[in-house]
Amino acid sequence: MKHFNIIFKPDDKEISIHAGATLLEAAGQAGIILNSVCGGKGICKKCLVNLEPGARQVLACQYSVQSDLTVTIPAGSRFFEQKILEHGIDTHLGVRPTVHEKYRQEDSTQKIFGLAVDIGTTTVVAKLINMVGGQCLATQAALNPQSRHGDDVVSRIAYAKTDEKLAELHKLIIDCINNLIAKLCKQTSIDAKQIYEMCVVGNTTMGHIFLKLPIEQLGLAPYKAFSLDAHDTPAAQLNLNINPDGNVHTVENIAGFVGSDTTAVALATDVDSVEEMSLVVDIGTNGEIVLGTKDKLYAASCAAGPALEGARISCGSRAVEGAIEAVVVNNGDIVLDVIGNHPPHSICGSGLIDAVAVMLDLCIVDKSGRFAEPDTLKGKLPSAIVSRIIEQDKQLSFYLFRAANVSERPVFLTQKDIREVQLAKAAIQAGTKILQRRLGIEDADIQQILLAGAFGNYIRPQSALRIGLLPNVPLERIRFVGNAASSGAQMILLNSALRAEAKRLARKIEYIEIAHEPDFQTVFAESMSFNNI
Ligand code: FES
């Protein structure tokens with residue numbers, strides 16, 4: 001078959017690819033991950049690249065390679081530089097030697113290491129752990145390379161329809177973890193053969209792909225997992241580059257859409273032993289929530305969609321350089337914080353929540369989410385702010401950044417964008433409300449809200465409260481717990497007793513399929529409103 005050379009700018013990466021491949025595939029082969037929210041269907045328009053010379057814009061997923069090409073990738077189409085949360089909560093780790101005792105005879109010098117891995121839909125975090133003392137020696141993170149086949153689990157499930165495609169996704173995650181292992185070993189000058197144990201957590205789909213278990217049923221009601229159990233698999237069988245006799249332990253899932261990462265978060269945050277009513281929230285494309293006390297714990301998964309990660313928003317992006325990450329009002333106008341001190345070219349989830357909170361405070365949108373007519377705001381708001389409301393394409397928009405020249409892109413929010421935020425927040429809010437009803441509690445009864453995961457750590461809690469993404473509690477009840485899934489994986493890696501504990505916890509937490517609850521539609525409709533305060 002005929003092959004063509006593709007040069008990617010500004011990376012200056014050159015690859016050869018067969019005729020008919022898409023530019024999305026070619027970029028992937030060059031190690032460049034493009035935004036591909038719709039999984040390459042040509043719908044999301046997030047994979048735009050420029051063909052040189054002339055900077056002709058094309059969708060990478062739709063463009064079929066038929067000649068040698070030079071392609072420039074704009075920063076906004078790139079998936080790579082987004083912030084990755086590596087740290088977790090400070091856990092009091094108990095080291096139970098039984099896990100590493102069995103490997104002592106292999107290496108009497110006691111140089112026995114382990115790996116705690118959290119496979120997220122977007123990011124993969126690996127920690128190298130000294131199995132004797134329990135310390136974390138180094139952490140490495142990477143974007144999940146499966147992202148080129150769609151940003152959310154639904155697109156991955158749709159992609160992996162055949163055994164061949166499932167094997168392809170499986171290989172991508174194994175290669176990604178092997179890369180992280182190589183980096184960790186280089187960073188700490190250890191031999192990968194001295195890594196004898198791994199503990200892996202992730203959402204149920206990621207866990208299934210990692211073990212190459214069937215995932216088709218996860219895409220069909222009633223969304224059953226093929227396996228909820230923990231598995232222990234020899235490293236060699238999974239082609240993981242640690243000691244071939246090493247063991248890879250995966251943790252119990254809770255349900256088809258609440259995976260072992262939530263089990264690990266519940267373990268690390270110790271919600272199973274608290275007296276105070278606690279809500280643990282991990283906001284992502286799928287928001288996972290756990291609510292309860294030591295007496296009863298419920299979990300749910302809320303299909304928030306990717307809006308809060310910047311997808312489906314006119315100027316939205318992930319938390320990449322140049323994305324607006326915070327919006328406040330100061331001196332009669334709005335002030336922006338932009339990642340990397342670049343001129344703004346987009347807005348990411350935390351900026352989006354801030355912007356909507358500001359627009360509510362200023363009455364630019366009302367509690368139903370509708371834009372006010374600019375004329376009605378004249379005299380009530382500073383003119384600098386009113387002048388940011390502009391009608392375009394027959395809908396009102398709020399301009400956060402107005403481009404001074406043609407090479408810069410403006411950043412604005414449209415009426416449709418506000419609706420997308422409403423849908424996402426309504427999904428999380430409705431899920432939380434339904435669990436609250438199960439327990440017969442009001443917002444005020446929630447004593448602590450623990451925000452886990454990458455997104456939770458970058459949002460401003462006051463803005464999340466303002467738009468109703470979180471229950472209406474005093475600000476001081478909200479706490480960030482970092483990458484708690486990764487911390488939980490580390491605990492389970494080191495302590496054999498916690499493996500039994502994780503199993504007990506996964507079975508104790510009762511999963512509620514919120515969409516099947518009789519009052520779901522009503523609660524969801526009520527949650528569309530911004531009437532939290
Ligand atoms: S339009 Fe290309 S990935 Fe969505």
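In this predicted model, helix H10 makes the greatest contribution to the lining of the second largest pocket, supplying four residues. This pocket encloses about 570 Å³ of space. Its lining comprises 27 residues, of which Asn286, Cys302, Ala303, Ala304 and Gly305 lie closest to the pocket centre. Besides helix H10 (415–439), the elements that give two or more residues to this lining are helix H3 (153–159), strand S14 (297–303) and helix H15 (520–527). When the lining of the second largest pocket is divided by class, 18 residues are nonpolar, five are polar and four are charged.

The largest pocket holds about 660 Å³ of space, and among the 29 residues that line the largest pocket, those closest to its centre are Cys44, Lys45, Lys46, Ser314 and Gly316. By class, the lining of the largest pocket consists of 11 nonpolar, 11 polar and seven charged residues.

Turning to the nonpolar cores, the largest is made up of 73 residues, within which Ile364 and Leu400 have the most contacts. Helix H10 is again the element that gives the most, here contributing nine residues to this core. For Ile364, once neighbours within four places in sequence are left aside, the residues in contact are Met359, Arg370, Phe371, Ala372, Leu377, Leu381, Ile385, Ile389 and Phe398. A second core, separate from the largest, contains 42 residues, including Ala126, Ala138, Val200 and Val248. Helix H10 thus gives the most both to the lining of the second largest pocket and to the largest nonpolar core.

Definitions and conventions. Residues numbered from 1 in each chain as written. Predicted model: local features only at pLDDT ≥ 70, side-chain atom pairs only at ≥ 80, totals over all residues. Heavy atoms only, no water. 1 Å grid on protein atoms, 1.4 Å probe; cavity = no way out; pocket = protein on both sides within 12 Å on 5 of 7 lines; lining within 4 Å. Points joined across faces, edges and corners; volume = space filled by probe spheres on them. Nonpolar A, V, L, I, M, F, W, Y, C, P; charged D, E, K, R; others polar. Core = buried A, V, L, I, M, F, W, Y, C linked by side-chain atoms within 4.5 Å. Buried < 20%, exposed > 50% of the residue type's maximum accessible area, 1.4 Å probe, protein only. Contact = heavy atoms within 4.5 Å.
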